[in-house]
Amino acid sequence: MKTITRAKYLDRIIELNGTPDINIIFIDFMDLAYEEIKEYHALHAYVEEQYQVGKTNYLLVDEVQMCPKFELAINSLYSKSKYDIYVTGSNAFLLSSDLATLFTGRYIEIHVFPFSFKEYCQYYDDVSDKDKLFDDYSAKGGLAGSYANRAEKDRTNYIKEVYETIVTRDLVQRYALEDTLVLQRLSEFLMDNISNLTSPNKVSQLLTANETLTNHVTVGKYIKYLCNAFVFYDIKRYDIRGRKYLESSEKFYLSDTGIRYAILGSRNMDYGRVYENIVCIELLRRGYDVYVGKLYQKEIDFVASRGSEKFYIQVSDNISGQETFERECFPLLQIRDAYPKMIIARTRHPKYSYEGIEIYDIADWLLQE
């Protein structure tokens, strides 16, 4: 089992700074050793006691939400300008909106995604078969804690526990939800329909038809909660020709495909949509703004932009058939601007071009810089 310890934090920070003259104050509120400082005055006093003069002092606090009013201690320590402070916590209890309220103008939010395919390959560096690694990654996903379990049942149970902790415990507690069945059914519906256009009204009708009574207002709120906790990411539609966002419906992508396999198994498998989910999360991981493109009546899977950079992407499973290949190319060929266009699919071939469109094997694209 690979774990991150205080010693590894120390080694990594020394590596980045080039000097061993540092002091790390590491607090993990899941550890009973820190039970007595789960009160903000005690937390503040403990950190001040650990401070070392003449060194760069790093403060790392994990599961910070377990200390009520922790922000009072953190803000006070920050005001002293003598600590480099990092806090982490549960998705559902440390939301972006909360950070803006608690640390107005005093923080930088760092999104931590599950392992990328490149990181997965580095973890399993004893395996050289890229195609096997990608097939395994598509099913296992990037929740690295599950990799310690060699048995498939144990691995999926770990992922289920992580998922259920966020959805059926953290979110229920955070928002004082009474109807947990609707939240559970909604989440399963979204992960079963990744890459499909979705609206609260449509989802509420489908859930009600399947004997889970709800309405579009509740569904809309619950979708927001799931996205706030980074279980799903909502990707808006954008009219490429009209250059405006469309409000009618959105697409939702799961934070990690391993969750889908663990919760739903292999039912209704559509590898094209799974690969689309993987590409979407990878684009977000690389810092791109991502939206779904609409051009006339055709759809572009992704339009990705970052600063002055922009490109268009179609994602597919198998484009070896001529009809499928032409169907994927057609929307891209209708775009009249000069930004790059690409198709990402399971080609198992080196990159090649067609009519100005770059064709990538998905495993190769995920591994490139």
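## A walk through the predicted model

Let us start on helix α2, which spans residues 40-50 and contains Ala 45. Keep in mind as you look around that this is a predicted model. Ala 45 is partly exposed, because its relative accessible area is 35% and the partly exposed class runs between 20% and 50%. Its C-alpha sits 8.9 Å from that of Ala 73, although 28 residues separate the two in sequence.

Gln 50 belongs to helix α2 as well. With a relative accessible area of 32%, Gln 50 is partly exposed. Setting aside neighbours within four places in sequence, its contacts are Asn 23, Ile 25 and Asn 57. Of these, take Ile 25: it is 25 residues from Gln 50 along the chain, and the C-alpha to C-alpha distance is 6.7 Å.

Helix α2 also supplies Glu 48, whose side chain meets that of Lys 82 in a salt bridge, 3.3 Å from N to O. Lys 82 comes from the loop between α3 and β3 (83-87), so this pair links distant parts of the chain, 34 residues apart. Both partners are partly exposed: Lys 82 has a relative accessible area of 29%, and Glu 48 has 26% relative accessibility.

Now move to Glu 63, in the loop between β2 (56-62) and α3 (70-79). Which side chain of opposite charge is nearest to Glu 63? It is Arg 169, 6.4 Å away, and Glu 63 is buried yet has no salt bridge. Since a salt bridge needs the nitrogen and the carboxyl oxygen within 4 Å, Arg 169 at 6.4 Å does not qualify. The side chain of Glu 63 does make a polar contact with the side chain of Gln 65, at 2.6 Å. Beyond four places in sequence, Glu 63 is in contact with Asp 28, Phe 29, Met 30, Thr 88, Gly 89 and Ser 90.

Charged pairs turn up elsewhere too, and the structure holds 21 salt bridges. In one of them, the side chains of Asp 364 and Lys 130 come together at 2.5 Å, N to O. Asp 364 lies in helix α14 (residues 362-367) and Lys 130 in helix α6 (residues 130-140), so the pair ties together parts 234 residues apart in sequence. Asp 364 is partly exposed at 28%, and Lys 130 is partly exposed at 30%.

Helix α6 also holds Asp 135, while Arg 346 lies in the loop between β9 (341-345) and β10 (352-354). These two form a salt bridge whose closest N and O atoms are 3.7 Å apart, and the pair ties together parts 211 residues apart in sequence. Arg 346 counts as buried at 6% relative accessibility, whereas Asp 135 is partly exposed at 38%. Salt bridges with shared partners join Asp 131, Asp 135, Arg 346, Arg 348 and Asp 361 into one network.

Finally, turn to the nonpolar interior. The largest nonpolar core has 37 residues, and Phe 117, Val 279, Leu 283, Phe 302, Ile 313, Ile 344 and Trp 365 have the most contacts inside it. Helix α12 (residues 271-285) gives the most to this core, with eight residues. Beyond four places in sequence, the contacts of Phe 302 include Val 279, Leu 283 and Ile 313. A second, separate core of 32 residues includes Leu 177, Leu 226, Cys 227 and Phe 232. Cys 227 counts as buried at 14% relative accessibility, and Cys 67 is buried at 0%. The structure holds zero disulfides.

Methods:
Residues numbered from 1 in each chain as written. Predicted model: local features only at pLDDT ≥ 70, side-chain atom pairs only at ≥ 80, totals over all residues. Heavy atoms only, no water. Core = buried A, V, L, I, M, F, W, Y, C linked by side-chain atoms within 4.5 Å. Buried < 20%, exposed > 50% of the residue type's maximum accessible area, 1.4 Å probe, protein only. Helix = DSSP H or I, 4+ residues; strand = E, 2+ residues; numbered from the N terminus. Contact = heavy atoms within 4.5 Å. Lys, Arg positive; Asp, Glu negative; His and termini not counted. Polar contact = N/O pair within 3.5 Å; in protein donor to acceptor, adjacent residues only side chain to side chain. Disulfide = S-S within 2.5 Å.
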